[in-house]
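Please read the following points with the model open beside you. They concern aromatic rings, their neighbours and one helix.

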Amino acid sequence: MGRRSERLSRQGALAGDAGEGDVIQVVSRAFDVLRCFEGHEARLGNLEISNRCGLPRSTVSRLTHTLTRMGQLVYLPRDQKYRIGPSAVAMSASMMKGAQLRSMIRQRLQEVAEQLPGTVGFVVPDRFHLVYLQFARSASALGLHEGTGSRISMASTAAGAAYTAALSPEVGDAFIAEMEREAPEAAKILKPRIEANRQSLRERGYVVACGLWSPHINGLAVPIWAPQYQTFVVITIGLLSAMYDEQRLHAEVAPLMLELGRSLGSLVEGAEGDVFNNRISRKPVAMAVHNNNKPIHSEGVNELEAGTRRARPARSLRAGDGRR
């Protein structure tokens with residue numbers, strides 16, 4: 001009886017572990033479904049969602065049913081489609097508090113945009129993409145037109161190059177390894193350039209990407225460590241390549257963007273979580289960061305950079321391992 005009880009106990013423990021893994025996978029897939037509603041299309045059916053996120057239609061059907069019961073989605077019987085529900089809107093509004101700070105960020109972006117005929121953006125990582133939280137452009141801006149909420153590629157943009165280059169080698173390499181598994185085509189673009197991007201960031205404080213996203217667009221980006229997010233945010237600019245070649249980016253654009261980085265870095269460092277209302281109340285640990293004469297204070301344990309999800313436990317990385 002003793003051995004039988006021990007065996008049943010082990011089986012129960014394994015079942016519990018599997019159940020926990022299933023819950024984590026379900027949560028991940030639920031967010032994949034919600035991400036499908038980003039962009040201009042406000043109404044999607046199960047088949048459209050399945051095609052967008054690559055999940056079986058039966059799985060999508062169960063997820064949309066559950067998300068509807070939670071208020072994250074609303075079902076439209078006439079269209080037989082879903083749209084974002086009141087709970088998701090309320091959650092987004094709660095997370096996007098800090099209108100005054102965002103207004104200040106927007107003002108700083110606009111100051112640079114008035115001097116350069118491009119789109120200046122403040123972006124945050126979301127797995128293998130980045131999302132515009134704020135943007136600015138002058139009336140004479142041509143070519144690149146992004147807006148708040150727009151998603152751009154991590155692999156083929158200056159912003160993505162700067163973000164991945166800013167990660168510590170350990171975290172950055174793990175991120176690319178995950179990208180190779182889940183988005184291999186994107187990894188083929190990013191991986192060969194990672195060391196050159198890291199060197200550029202060490203030596204200059206910024207990264208450029210010329211003609212990578214589009215042959216007509218050249219970009220430059222500066223990463224900023226955000227203590228309250230425990231990740232990097234990025235300021236980036238896209239300009240017509242016919243007007244701004246790489247030499248002109250270094251000579252004319254880089255000084256303005258580096259100054260913008262210092263200005264926004266001070267705002268973000270003192271924000272205390274107001275942009276995302278994601279406050280982390282832990283004892284600050286001073287960390288010296290390149291291209292900044294004063295230390296930026298990180299808070300507590302770095303739970304990996306946003307978007308760098310991988311199998312090993314995040315808590316195995318101490319504060320500072322995810323930044324340079």
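1. Arg 106 is placed over the face of Phe 135, with 5.9 Å to the ring centre. A second arrangement of this kind involves Arg 127, whose charged end sits over the ring of Phe 128 at 5.0 Å from its centre. Please bear in mind that the model is predicted.

2. Four aromatic pairs are found when the whole structure is searched. One of them joins Phe 128 and Phe 175; this pair is tilted, with 5.6 Å from centre to centre and 55° between the planes. The pair links distant parts of the chain, the two residues being 47 residues apart. Phe 128 lies in the loop between strand S3 (119–126) and strand S4 (129–137), whereas Phe 175 belongs to helix H7 (residues 169–182). Both Phe 128 and Phe 175 are buried.

3. Trp 225 and Phe 232 also form an aromatic pair, which is edge-to-face: the centres are 5.0 Å apart and the planes meet at 70°. Are these residues buried or exposed? Trp 225 has a relative accessibility of 2%, so it counts as buried, the cut-off being under 20%. Phe 232 is buried too, with a relative accessible area of 2%.

4. Phe 128 and Phe 175 belong to one aromatic cluster together with Tyr 163. Tyr 163 is also among the buried residues of helix H6.

5. How many of the residues of helix H6 (residues 158–166) are buried? Nine of the nine are, so the helix is largely enclosed by the rest of the structure. Among these buried residues are Gly 160 and Thr 164, as well as several alanines, including Ala 158 and Ala 166.

Conventions
Residues are numbered from 1 along each chain as its sequence is written. This is a predicted model: local features need pLDDT of at least 70, side-chain atom pairs count only at pLDDT 80 or more; totals for chains, interfaces and linings use all residues. Side-chain values use heavy atoms; hydrogens and water are left out. Buried means under 20% relative accessible area, exposed over 50%, partly exposed in between (1.4 Å probe, protein chains only). Helices (H or I, at least four residues) and strands (E, at least two) are DSSP runs, numbered from the N terminus. Rings of Phe, Tyr and Trp (its six-membered ring) pair if their centres lie within 6.5 Å; planes under 30 degrees apart count as stacked, over 60 as edge-to-face and the rest as tilted. A charge sits over a ring if NZ of Lys or CZ of Arg is within 6 Å of the ring centre and within 35 degrees of the ring normal.
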